[in-house]
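Let's take a friendly walk through this model, one piece at a time. Keep the sequence and the 3D view open side by side as you read.

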Amino acid sequence: THQHLSDDCIFCKIITGKIPSFQLMETDKSFAFMDIEPLSEGHTLVIPKYHAEFMHQLPDEYLQDVLPIAKKIAKAAKFDQYNVLQNNGPLANQAVPHVHFHVIQKPDANAGLSLSWKPM
Ligand code: 5GP
Ligand code: ZN
């Protein structure tokens, strides 16, 4: 069932449970979990259960499964203002080479968080 995953990818290992994560939800094609270094409260990552570095390498059926999950998370977490972001390649600030969509609630100024991540 995991024929599209890679043995040496941290996000593939999160999908299979070899690396623990705070899981929020999953479907047969996608997996959503909390970012380990949240930029603000509730910072979530939604990833396809298919190992691809870039979005353009992802089969449509996997790509199409991701956004409805980002939507459910934004609704369930009652995010009012937020970013949905997806980086492709190191020059575009991608650190983990497995396609992932960030769902980031508006930064809470009172938490003293600074956005080290820079949008393109
Ligand atoms: P990128 O810069 O590639 O778009 O974002 C990668 C994100 O993955 C970062 O926000 C980082 O905090 C998160 N991340 C990296 N390693 C792990 C991990 O092992 N577990 C979790 N939950 N998040 C991770
Ligand atoms: Zn992977």
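**A helix and its two faces**

In this predicted model, a good place to begin is helix α2, where Leu63, Val66, Ile69, Ala70 and Ile73 are buried. Look down the axis of α2 and you will find these buried residues within an arc of 125 degrees, so they line one face of the helix. What do they pack against? The buried residues of α2 pack against β1 (23-26), β2 (30-34), β3 (44-48), β4 (82-85) and β5 (101-105).

Now turn the helix around. On the face pointing away from the buried side, α2 carries the exposed residues Asp60, Glu61, Pro68, Lys75 and Ala76.

The length of α2 can be checked too: its 17 residues, 60-76, should span 24 Å at 1.5 Å a residue, and the end C-alpha atoms are 25 Å apart, which agrees. After α2 comes Lys78, which has a positive phi, near 55 degrees.

Next, travel to His100, in the loop between β4 and β5. The "active site" annotation in an unreviewed UniProt entry covers His100. Is His100 buried or exposed? A residue is buried if 20 or more other C-beta atoms lie within 10 Å of its own. His100 has 23 C-beta neighbours inside 10 Å, so it counts as buried. Leaving aside residues up to four places away in sequence, His100 touches Phe11, Leu45, Val46, Ile47 and Gln86.

Finally, visit ligand 1. It is surrounded by 14 residues, the closest being Ile36, Glu37, Asn87, Ala95 and Val96. The shell around ligand 1 consists of eight nonpolar, four polar and two charged residues.

Methods: Residues are numbered from 1 along each chain as its sequence is written. Chains are lettered from A and ligands numbered from 1 in the order in which they are written. This is a predicted model: local features need pLDDT of at least 70, side-chain atom pairs count only at pLDDT 80 or more; totals for chains, interfaces and linings use all residues. Helices (H or I, at least four residues) and strands (E, at least two) are DSSP runs, numbered from the N terminus. The expected span of a helix is 1.5 Å times one less than its number of residues. A residue is buried if 20 or more other C-beta atoms lie within 10 Å of its own, exposed if 12 or fewer, and partly exposed in between; C-beta atoms are placed from the backbone. The arc is that of the directions from the helix axis to the C-beta atoms. Two residues are in contact if their C-beta atoms, placed from the backbone, lie within 7 Å. A residue is near a molecule or strand if its C-beta atom, placed from the backbone, lies within 6 Å of it. Ala, Val, Leu, Ile, Met, Phe, Trp, Tyr, Cys and Pro count as nonpolar, Asp, Glu, Lys and Arg as charged, and the others, Gly among them, as polar. UniProt positions are given in the numbering used here, feature names are shortened, and annotations may be inferred rather than shown by experiment.
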